[in-house]
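Let's take a walk through this structure together, starting from a single residue and working outwards to the whole chain. Keep the viewer open as you read.

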Amino acid sequence: MKPICIIPARAGSKGVPKKNIRKISGKPLIYYTLNILRKIKKDVFPFISTDSKSIKKYCEKFGFQNNYLRPKHLAKGHSSMLKTLNHAIKWLKVNQDLKFDAVLLLQPTSPIRNLNDIKSDSTSLE
């Protein structure tokens, strides 16, 4: 089984409202993470975890579609990332009978990353 690659992109932010779709150098912040995901999607199961219909719609333009919307209680500033990841993985098990033995987390708020770094840190992606 391929590892799952989860991109957590919630709508809210106290500091920068709608930060994941705010433009940085002419592109929405999440664009940079989706662009890397495009390059590794044959090696991972791509999964967007969002509570936002507009973020979901933007991701669908990239070809990343799922029927999942993150519950609001897991999309708050104090929400646990571990609980968010567990919820997504359990949702996939129940709704699509999928199981994963590894998780790659790509947060849109850390857009400066190198494809080679991801591959070298993820032996299953080589």
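Our starting point is serine 49, which sits in strand β4, residues 45-49. Helices here are DSSP runs of H or I with at least four residues, strands are runs of E with at least two, and both are numbered from the N terminus. The model is a predicted one, in which local features need pLDDT of at least 70 and side-chain atom pairs count only at pLDDT 80 or more, while totals for chains, interfaces and linings use all residues. Residues are numbered from 1 along each chain as its sequence is written, and side-chain values use heavy atoms, leaving out hydrogens and water.

Is serine 49 buried or exposed? Its relative accessibility is 0%, so serine 49 counts as buried; the term means under 20% relative accessible area, against over 50% for exposed and in between for partly exposed (1.4 Å probe, protein chains only). Setting aside residues up to four places away in sequence, serine 49 touches Ile6, Ile7, Pro8, Ala9, Tyr68, Arg70 and Thr84, where a contact means heavy atoms within 4.5 Å.

Now step back to the whole protein. Its 4 helices and 5 strands follow the order β-β-β-α-β-α-α-β-α from the N terminus. The radius of gyration is 14 Å, close to the 14 Å that the globule rule gives for 126 residues, so the protein is as compact as a globular protein of that length. That radius is taken over C-alpha atoms, and the rule is 2.2 Å times the number of residues to the power 0.38. Along the principal axes, the C-alpha trace spans about 35 × 35 × 25 Å. Buried residues account for 42% of the 126. Of the contacts between residues at least 6 apart in sequence, 65% join residues at least 24 apart.

What holds the interior is worth a look too. The largest nonpolar core (buried Ala, Val, Leu, Ile, Met, Phe, Trp, Tyr and Cys residues joined through side-chain atoms within 4.5 Å) has 19 residues, and Ile30, Leu34, Leu37 and Leu106 have the most contacts inside it. Two or more residues come from each of β1 (4-8), α1 (29-40) and α2 (53-61), with α1 giving the largest share, 6 residues. A second, separate core of 10 residues includes Ala88, Trp91, Leu92 and Leu98.

Back in the first core, leucine 106 touches residues including Cys5, Ile6, Ile7, Pro8 and Ile118, not counting residues up to four places away in sequence.
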